[in-house]
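Colleague: Please show me the model, and then I will ask about its surface and its helices.

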Amino acid sequence: MPDSITKYLQTEDKVYHLSLLIPTWNNLEYIQFCVNAIRKNSTLSIQMIVFANEGTDGTVEWLQDQKDIDFIHSEGNAGICYALNLCRDLVKSDYMVYLNDDMYVLPDWDKIMYEEIQALPSKYFMLSATMIEPRDTGNSCVIVKDFGDDTSNFKEKELLSEYQNLHKTDWNGSTWPPNVVHKDLWDLVGGMSVEFSPGMYSDPDISKKLYDAGVRIFKGIGASKVYHFGSKSTKRLKRNIGRELFLMKWGISANFFMNKILNIGKSYQPLEEKEIKKKDVIINKLKILKILLSSNIRKNG
């Protein structure tokens, strides 16, 4: 965790419908693109909170000139988990939205999301917008259609004319950003788990914490859409052993949790209580044993 953290409170003190938390890491072109899309395509009163990791590419200077953005500057790369937890202190609305800097929000994404929130019976939920991505990566929660894989070849006009015809039903397993939770629920589970820094597998981890806190609505909203260029920052990271951390922490694999408990990618249905079968308990325990044996072998050479 970097020692030097500076907070810049620049937005008006007013009521906001949503607070957007956007970590960025020397990605000036994309954060500018992301912010401009939010300004252009959002309907509601939006508080933007950017976490600038390093910011040696001009990001900090640019943010200082954007008076509709609150931001935090870290001289080092704090990673996703610390970044989102630090942003919590700046939140002015009831609802926290985690958004990647390489996303382009589409018209009415926020209005559709907020209407869904207002229709829910309680604050015990996690909702996600639906991503449109240029490549098929096997993620059953996204719409695959190529409108460009970076800002230089982005087909914005084509996307804006076609996105409403790209239909997807509401889906189970809200985990991926952009996702939204109530700030009270975020506080209840303690936000992001920093042991997953810089961030890999922190998404299913917070979903598991929410699930254990009683949340049963993990819903992806098909009509609320964003375009995702695709991991423009995470490709530069040295990856942690998030898969193993999740398994050791929870006693089940992230894949098992997402597919067998949250039913990720399937047409939305409220979750039913599930008891893990003995066979699956044994399989997960064997996976843990394999990790422990492998770790011991590495330790002893």
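Colleague: Which helix holds Leu286, and is Leu286 buried or exposed?
Modeller: This is a predicted model, in which local features need pLDDT of at least 70, side-chain atom pairs count only at pLDDT 80 or more, and totals for chains, interfaces and linings use all residues. Residues are numbered from 1 along each chain as its sequence is written, and side-chain values use heavy atoms, with hydrogens and water left out. Leu286 lies in helix 10 (residues 278-300), where helices are DSSP runs of H or I with at least four residues, numbered from the N terminus. Its relative accessibility is 52%, and exposed means over 50% (buried is under 20%, partly exposed in between; 1.4 Å probe, protein chains only), so Leu286 counts as exposed.

Colleague: What is the accessible area of the nonpolar patch that Ile282, Leu286 and Leu289 form?
Modeller: Patch residues have over 30% relative accessible area and no salt bridge (Lys or Arg side-chain nitrogen within 4 Å of an Asp or Glu carboxyl oxygen). Nonpolar side chains (Val, Leu, Ile, Met, Phe, Trp, Tyr) are joined within 5 Å. By the Shrake-Rupley method with a 1.4 Å probe, only the protein chains shown counting as cover, the three residues together have about 290 Å².

Colleague: Which residues of helix 4 are buried, and within what arc do they fall?
Modeller: In helix 4 (residues 109-119), the buried residues are Trp109, Asp110, Met113, Tyr114, Glu116 and Ile117. Seen down the helix axis, taking directions from the axis to the C-beta atoms, they line one face of helix 4, because they fall within an arc of 155°.

Methods. Patches are made of residues with over 30% relative accessible area and no salt bridge: like charges are joined within 9 Å, nonpolar side chains (Val, Leu, Ile, Met, Phe, Trp, Tyr) within 5 Å. Helices (H or I, at least four residues) and strands (E, at least two) are DSSP runs, numbered from the N terminus.
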